[in-house]
Amino acid sequence: MRFVEVRRLHKQFDPPKGTVAVDDLSFGIEQGEIYSLLGPNGAGKTTTISILSCLLRPTGGEATVAGASITGDPAAVKRALGVVPQELALYPDLTARENLAFWGKMYGLRGQQLDTRVDEVLALIDLSDRQKDRLESFSGGMKRRVNIGAALLHKPRVLFLDEPTVGIDPQSRRAILDGIKDLNRAGTTILYTTHYMEEAQELSNRIAIMDHGKMIAEGTHEELVRSVGEEATVTLSVDRDLDRSLAIWCSVEGVTSAEAQDDRARLLVGDANAVVPRLFETANREGIRITGVNVAEPNLETVFLALTGRALRD
Amino acid sequence: MRYIWTLAAKDLLQTRRDRMAALFTFILPTAFTVFFGLLMGGLSSGSERIPLAVADGDGGVAARKLVSLLESSPLVELKMIDAAAVDKAVDDEQVAAGLLIPAGFSASLDSDVGARLTVVRVLGSTGSQSVEEAVRAAADRLASERLAAAVAVRTVEDSPRAAQVGEIVSGLLERPALTIAAKESGSKAGQIPRGFDQSSPGMLVNWVMFSLLTVATGLVMERKTGALRRLLGTHASRSQVIAGKALAMLILTMLQQVLLIGLGQFAFGVDYLSDPPALLMTMVTLSALASCLGLLIATVFRSEQAVIATTVIASMVLSALGGAWFPLEVTGPGFSRIAHLVPTSWLLDALRGIVLKGWGVPEVLLPLGVVWAFSLAFFALAVWRFRFE
């Protein structure tokens, strides 16, 4: 059995006519893996995490976390689990240390064990020097780090992070992503939700793409990209003769299709590094001046677009 | 229990750091207690007797007896001053009236001429009217005693016990054949709470009810930030989270009550400690009422603005209707009946019973039982409708 096992999970709010937030969702996470749920807002990612955290009861299906059933033994699930919510679920008028100590106590820690663990987590989130400052004086990124730290106090074996980088600066995002990788290297299994494909691509061993409560694709980044074709898109702007340019470039080796789109030439190519120089050579030879070029390697955005007909951020 | 306590301790720490909470919990209640107390008669509430200046220009046996009779009157409080100062004391309203006992009063009383007393009072003042009545009653008593003694002496003039007649008459008058017993009935005992006896319990209830704002807004904020939901992901159960919130409110309002009752007892002379067990029961009941109502408001309303508006309106209506701002005794029976539809009036019945009538546990059981019924109904509704997100 996998460390996190989800079988045909279903959640409908206010049945029988209410919204179906999670629809027949199945996946598994191996111990020590980083698994991402990628999808736009409203895809059902947060509802899935809420069900797996025992905060919501599913209307169908079953799931286990660290071998414990979310419906049969929620206490065991909670013991194994740390959850970082999307919101800053903290107390701004308490210091960083007081916040962590409070959440530690709520996870059953006491006395010396609590003090030691709070010290460790403060060091882990790099806030030891600001531990006596109230959260209201912290930057958004620092608050996010405390938000993550509060879920680590009881040394969970599996960590659920629900869009933990929303609304923070690039530097703080980098620190959080690096911290998550460190946690994973230390043995923590991670379920990560995001609508940023770059984060899913960078962090995850495997990715599930969700839309309207359903899983529409699953695999490694490479597997997902391969599943919708491996071609890159090259977009070229020319000063004149767009139709003649398209006719010429169609016959260049490595180009599989060429079409006009918004007064530009849009070409699908197998290996952009090899094909783009050839396109320039041909243009020079034919007296066509290229005024702009853009190369888009296939990515998760391409996958989502191919599967749903919509951009991920729509 | 440890999770409940951890939650409560966190809430109390947050409250301690909130300057507005300190303002609403301790500073404003004290200021309002003083303001309303002075407005309704100030420190006179400690003694309901009306001040009477007495100038004894005689100093004889009968004059001393008259003074003694007035001292034992439940209506007046004597201030012995010089005859020359009586008019000024009355004019300056230091006393409600003045009594001049002229020189030769004792001698005149036993003579055929008869004695004369002068009462100096403000015309039209009901207080000084009452004082005059009290003086008349004492003077009549003294005159009756003297008359009875004179009759007896003349009747048994040759008897060896004639010398003891005065003493015998006095003794008999101490045990009169006819007395009138005044019985207090409910909270309308004829004694309308005044001064701090009114303002201290009234403002106590008013501001403890207002403190439910703290718990209600705190809960709404926790729900808004997702902290309430996050708590459910910890090892604490739903009921422990709710109980932790209620415990914090209970402790906060109990501390508030200890301070305000201490202030009333020791600074304003309000007799809260006549029956400590009854007082403790009343305090716990008031705290429970505020906690349960706070939970209910935070459950029903989701936005901070709605909670603040509802709490302010609820605490004002409950305080005003319950008699926290003015004694229900001055209202008509119709208003009093309506007032007893809200729990605060029952609570104030118990508090004022303790303060004014020395009520003990048996007497406060009924009003406090009614308040507990309200509190449990609020609590059940709150738990039933409670949402963590």
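In which loop of chain A does A:Asp241 lie? A:Asp241 lies in the loop between strand E11 (232-238) and helix H9 (242-250) of chain A. The model described in this report is predicted.

**Backbone details in chain A**

A:Asp241 is not a glycine, and yet its phi is positive, at about 50 degrees. Its relative accessibility is 37%, and the residue therefore counts as partly exposed. A second aspartate, A:Asp262, also has a positive phi, near 55 degrees. A:Asp262 is found in the loop between strand E12 (255-261) and strand E13 (264-269) of chain A. With a relative accessible area of 63%, A:Asp262 is exposed, because exposed residues are those over 50%.

A further detail concerns a peptide bond. The bond from A:Pro15 to A:Pro16 is cis, with omega near 10 degrees. A:Pro16 belongs to the loop between strand E1 (4-12) and strand E2 (20-29) of chain A.

**Domains**

Each chain has an assignment into domains, as the table shows.

| Chain | Domain 1 | Domain 2 | Separation of C-alpha centres |
|---|---|---|---|
| Chain A | residues 4-226 | residues 231-297 | 44 Å |
| Chain B | residues 2-43 + 194-385 | residues 49-174 | 51 Å |

In chain B, domain 1 is written as two segments, 2-43 and 194-385.

**Chain B and its confidence**

Chain B contains 16 helices and 4 strands. Of its 389 residues, 46% are buried. Among the contacts in chain B with a separation of 6 or more, 79% join residues 24 or more positions apart. The accessible surface of chain B comes to about 18,800 Å², and carbon and sulfur atoms account for 64% of that surface.

The mean pLDDT of chain B is 81, and 87% of its residues reach 70 or more. Confidence in chain B is highest in helix H16 (residues 361-385), at a mean of 91, and lowest in helix H7 (residues 165-174), at a mean of 67. Over residues 180-190 of chain B, pLDDT stays under 50, and the model has 10 contacts beyond four places in sequence for this stretch. Where pLDDT is low, the predicted coordinates should not be read in detail.

One exposed residue of chain B is B:Pro333, with a relative accessible area of 62%. B:Pro333 is in helix H14 (residues 333-339) of chain B. From B:Trp5 it is 328 residues apart in sequence and 45 Å apart in space, C-alpha to C-alpha.

**Where the chains meet**

How many residues of chain B are in contact with chain A? In chain B there are 21 such residues, and they are in contact with 28 residues of chain A. The area buried between the two chains is about 2,400 Å², with 56% given by carbon and sulfur atoms. On the side of chain B, B:Arg17, B:Arg229 and B:Arg230 lose the most area to chain A, together 31% of what that side buries.

**Nonpolar cores**

In soluble globular proteins, nonpolar side chains tend to be buried together. In this model the largest nonpolar core has 92 residues, and those with the most contacts inside it are A:Leu100, A:Trp103, A:Val146, B:Met209 and B:Leu231. Helix H12 (residues 276-300) of chain B supplies the largest share of this core, 11 residues. Apart from it lies another core, of 30 residues, among them A:Ala21, A:Ile29, A:Leu191 and A:Ala208.

B:Leu231 has contacts in both chains: beyond its neighbours within four places in sequence, its partners include A:Tyr91, A:Phe102, A:Trp103 and A:Met106, as well as B:Leu7, B:Glu222, B:Ala236 and B:Val241.

Note on methods. Residues numbered from 1 in each chain as written. Chains lettered and ligands numbered in written order. Predicted model: local features only at pLDDT ≥ 70, side-chain atom pairs only at ≥ 80, totals over all residues. Heavy atoms only, no water. Domains from an automatic or database assignment. Core = buried A, V, L, I, M, F, W, Y, C linked by side-chain atoms within 4.5 Å. Buried < 20%, exposed > 50% of the residue type's maximum accessible area, 1.4 Å probe, protein only. Helix = DSSP H or I, 4+ residues; strand = E, 2+ residues; numbered from the N terminus. Contact = heavy atoms within 4.5 Å. pLDDT = per-residue confidence, 0-100. Areas by Shrake-Rupley, 256 points an atom, 1.4 Å probe, with all protein chains shown as cover. Buried area = accessible area lost by both parts, 1.4 Å probe.
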